[in-house]
Amino acid sequence: MLSYHFIGYWGEKKEDFITQRRRDAERGGKGEGFVFEVVYVGCDDAREIEGNTIAALSASGFDDADVWVKIEDDRLILGRDVFGRFPLFWSCKNNSENNTVWFGSRLDLLLEIMEKPEVNISGLYGYSCFSYVPTPLTPVEGVFSVSAGTEVVFNIDNIENYEVRKFYQWVESPEQITDENTAVSQLQGLLKNAVERQINDLKDDPVGVFLSGGLDSSIVAALLVNAGVKVRAYSLDFGEFGISEYPYAEQVADFLNIPIVKVDASPKNIKNAIIPTVKALDLPFGDGVTVPLYLLNKVASQETKVIFNGEGGDQLFAGWTNKPLIAAGIYQSEHPHKNEGFIQQYLRTFHRLWGYESRVYQPDIYAQIRGLNAQEWLLDGLDSRFCPSLLHRLRRASLMLKGAQNIHPRATALSFVHGLNVRSPFCDLNLAEWTFQLSGELCLQGACEKYILKRAVENLLPSEIVWRQKRGMGVPLTSWCVNNFWHDLGNWLNPGILEAENIFYPDIATKIITGELGGHIQGRRIGEILWLLIMWELWYFHVFGVKLGSKSWKHPFLLPRGLWKHYKKLQNY
């Protein structure tokens, strides 16, 4: 299946803009009181779609769509699957001559129709809190994103009065599985079925799997091998500065007797890939793993057209990030009058710029975000009406927030740009629904997270892989920023450019490096915050299209870092 995207409109009158700018495959039509047109960017022939659907995309390449655009009677319906694997954007254009809804599978396609796009301040603030823009916001004023598990319905008579329909909710089952043997048996069958559903179209061609050596990706690799699929593994190598997971990936590959390709994620390769990554992502994503994943996809695309990953396992089986939140929830229940509530503590687990607003934003922007409350973007995910128990509530939130708004859409974007169909066996609705029947003790037993998942697969993999303590991907952001990219910081976060943009304070990079921004931003957090800002600035220029201001030469990144540190010491004498 070709990796294409689409842009289209639905309204009272025909729009000439779309066919004037694009020479790709198109589909059009009209009904009583409306016309529509869809252009498929990147392919010569419009894909055949049955029924009333006029556009659809699937990350995996199957007929089951991850996003869809339908016309029913005089209504336009935009929908997105519950896992959020693909984004879908829309914007209303209302005037006395025409009422039109524009829609597209990429933000940059909708930017083409906007005369003078502006940054959405709420979207910007959300990005700085989470490292992704929370739906239904986007970073562009007047453009919105369909949230996962919802449909947005427009009526031709009044397109501004649209309806948002939630067609699926993650809900804790009233009947909980407590017997370990029962859970293990059922889970083994569900995992096998989840993989079989994603391989039924494969022939003899090998598929790729992104193998970190962690539990989730190792399980996917093992299940594929057991199903008789030809598998080639791809694993990142960060060299001497990162936390190397490659030996674990190599151990799994040897155990499964599959070839493994080591992908060089050296600073040189990261720097060369950062701008292509920003363009591929389309939306700003501030996690440091995005550029390494771009490199993985690039290498894999030379040998396969289908890639499997282990994304979603942490969300389904209460991965390691839930433990401090459970402790916080228990503490809050026992000390309800403490100043910081549970949702505030949940916000802190993102480790971004929430709480630093007055030190980060220039006065004009700060005045606009003071009235915003980042906690509101978490309330739906943490709604106890759907999941009364704390662990299931945390899992619901993780699926809706970190999964559907961050992990899955960025994985699709990075694969699709390389012509790859991406398949995530943990994004299986039957499997996901079943996990909400599990008792908390089967997910988190003592200090052991994902307990029942480990029990279910302990015969598929080496025990030291299954039962080793969880470690996040060791992306050495701080080392890159303060060593390899030191001089680049002076370009990416240049004080003159930042001052002209009037968003972030011009000296923010220097304050992060010196620890002046905040005492909690140290060690690995230095690189994470710098990367968050770098990815925004590169998105702002390369995707949004802002014109850069004049560069300033008054910053420490012109000097070699060692010389600058010596100069700072002399200043302190």
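Which residues line the largest cavity? In this predicted model, the lining is made up of Arg80, Pro87, Phe89, Val133, Thr135, Leu137, Thr138, Ser145, Leu283, Phe285, Gln405 and Pro409. Sorted by character, these lining residues comprise seven that are nonpolar, four that are polar and one that is charged. The space enclosed by the largest cavity comes to about 90 Å³, and the structure as a whole holds four cavities of 30 Å³ or more. A helpful picture for such an analysis is a ball rolled over a surface: a probe the size of a water molecule, rolled over the atoms, shows where empty space is left.

The next feature to look at is a sheet. Five strands form an open sheet with parallel pairing, and their order is S14-S13-S12-S15-S16. At the edges stand strand S14, residues 260-264, and strand S16, residues 421-423; each has a single partner strand, so one side of each is left without a neighbour in the sheet. On average, neighbouring strands of this sheet are turned by 30 degrees against each other when direction is ignored.

One end of this order can be followed in finer detail. Strand S13, residues 231-237, runs parallel to S14 and is joined to S14 by five bridges. Within this part of the sheet, Tyr234 is found opposite Val261 of S14. A helix also belongs to the picture here: H6, spanning residues 246-256, lies across both S13 and S14, and the direction of H6 makes an angle of about 165 degrees with S14.

Terms used
Residues are numbered from 1 along each chain as its sequence is written. This is a predicted model: local features need pLDDT of at least 70, side-chain atom pairs count only at pLDDT 80 or more; totals for chains, interfaces and linings use all residues. Side-chain values use heavy atoms; hydrogens and water are left out. Two strands pair if DSSP finds at least two bridges between them. Helices (H or I, at least four residues) and strands (E, at least two) are DSSP runs, numbered from the N terminus. Axes are lines fitted to C-alpha atoms, for helices over the stretch in contact, and angles run from 0 to 180 degrees between N-to-C directions. Contact means heavy atoms within 4.5 Å. On a 1 Å grid over the protein atoms alone, a cavity is a set of points where a 1.4 Å probe fits but cannot get out, and a pocket is an open set with protein on both sides within 12 Å along at least five of seven lines; lining residues have an atom within 4 Å of a point. Grid points are joined across faces, edges and corners, and a volume is the space filled by probe spheres set on the points. Ala, Val, Leu, Ile, Met, Phe, Trp, Tyr, Cys and Pro count as nonpolar, Asp, Glu, Lys and Arg as charged, and the others, Gly among them, as polar.
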